[in-house]
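Student: I'd like a close look at one part of this protein rather than a tour of everything. Could you pick one helix, walk me along its faces, and then show me what it packs against?

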Amino acid sequence: MLDGTGPEWLSEEVKTGTTIIAIEYNGGVVLGSDSRVSAGASVVNRVMNKLSPLHDKIYCALSGSAADAQTIAEMVNYQLDVHSMEIGEDPQVRSAATLVKNISYKYKEELSAHLIVAALSLAMSRDGSSGGVAYIVTIDEHSTEEKVILGNDLPTFFDQ
């Protein structure tokens, strides 16, 4: 192996990372993510819900260090709850996004996380390649409903 020969996988590119997406449409926004958590090239958890509530009708998609992203989401959730009580109404999405931005910037040297903030949406994550899980959150002006669909019950593209 010192002479440059060896298994082909040693010279292949290692693909890691999270996919999160937000798509805006007329009635709101769709948040989505994969469900895998990796450490380097190893998958350490196949079914993490990377969509997190920041308030009743505000959600975020998480990427980067799972612990860092969850911590930011929890901090923002707490601060939005306090802010909501102070003003006597639901916070604006802009407030949530500003809090995420400020915390991320303040701790930029210590944290490794990226969040997409959205509201009034259908949020879904799916990892169909590993038989993962779909986390679906439907948010409308009246309520928020969360569902978990196991990988075996997920439709595939060819049977839809």
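Tutor: Let's take α1, and start with its inward side: D68, A69, I72, A73, V76, L80 and S84 are the buried residues of this helix. Looking down the axis of α1, you'd find them within an arc of 130°, so they line one face of the helix. The general rule behind that sort of pattern is simple: an α-helix makes a turn every 3.6 residues, so positions three or four apart point the same way. Now flip to the face of α1 turned away from the buried side, and you meet the exposed residues E74, Y78, M85 and E86. Keep in mind that this is a predicted model.

Is the helix straight or bent, then? A quick check on length helps: α1 has 22 residues, which at 1.5 Å a residue should span 32 Å, and its end C-alpha atoms sit 31 Å apart, which agrees. Right after α1 comes G88, with a positive phi near 75°.

Let me place the helix in the chain. Overall there are two helices and ten strands, and from the N terminus they run β-β-β-β-β-β-α-α-β-β-β-β. Of the 160 residues in the protein chain, 32% are buried. Among contacts with a separation of 6 or more, 52% join residues 24 or more positions apart.

Now for what the buried face packs into. The largest nonpolar core has 18 residues, and L54, V76 and L115 have the most contacts inside it. The elements giving two or more residues to this core are β6 (58–64), α1 (66–87), α2 (93–106) and β7 (113–119). The largest share, five residues, comes from α1. Apart from this core lies another, of six residues, with V29, Y59, A61 and A118 among them.

V76 is a good residue to zoom in on. Leaving out residues up to four places away in sequence, V76 touches L54, A96, L99, V100 and I103. Four of those names should ring a bell once you turn to α2, where A96, L99, V100 and I103 are buried. Seen down the axis of α2, its buried residues fall within an arc of 95°, so they line one face of that helix too. The face of α2 turned away from its buried side carries the exposed residues R94, K101, Y105 and K106. Y105 has some company: K108 lies over the face of its ring, 3.7 Å from the ring centre. As for pairs between aromatic rings, the structure holds zero. The length check works for α2 as well: its 14 residues should span 20 Å at 1.5 Å a residue, and the end C-alpha atoms are 20 Å apart, which agrees.

Back to α1, and to the strand side of the story. A113 lies in strand β7, and it counts as buried because its relative accessibility is 13%, below the 20% cut-off. A113 and A69 are 44 residues apart in sequence, yet their C-alpha atoms are 5.0 Å apart in space. Setting aside residues up to four places away in sequence, A113 touches S63, G64, S65, D68, A69 and I72. D68, A69 and I72 are on the buried list of α1 that we began with.

So if you want one route through the model, follow the buried face of α1: A69 and I72 touch A113, while V76 touches A96, L99, V100 and I103.

Terms used
Residues numbered from 1 in each chain as written. Predicted model: local features only at pLDDT ≥ 70, side-chain atom pairs only at ≥ 80, totals over all residues. Heavy atoms only, no water. Core = buried A, V, L, I, M, F, W, Y, C linked by side-chain atoms within 4.5 Å. Buried < 20%, exposed > 50% of the residue type's maximum accessible area, 1.4 Å probe, protein only. Helix = DSSP H or I, 4+ residues; strand = E, 2+ residues; numbered from the N terminus. Contact = heavy atoms within 4.5 Å. Expected span 1.5 Å × (residues − 1). Arc of directions from axis to C-beta. Phe/Tyr/Trp six-rings, centres within 6.5 Å; stacked < 30°, edge-to-face > 60°. Lys NZ or Arg CZ within 6 Å of the ring centre and 35° of its normal.
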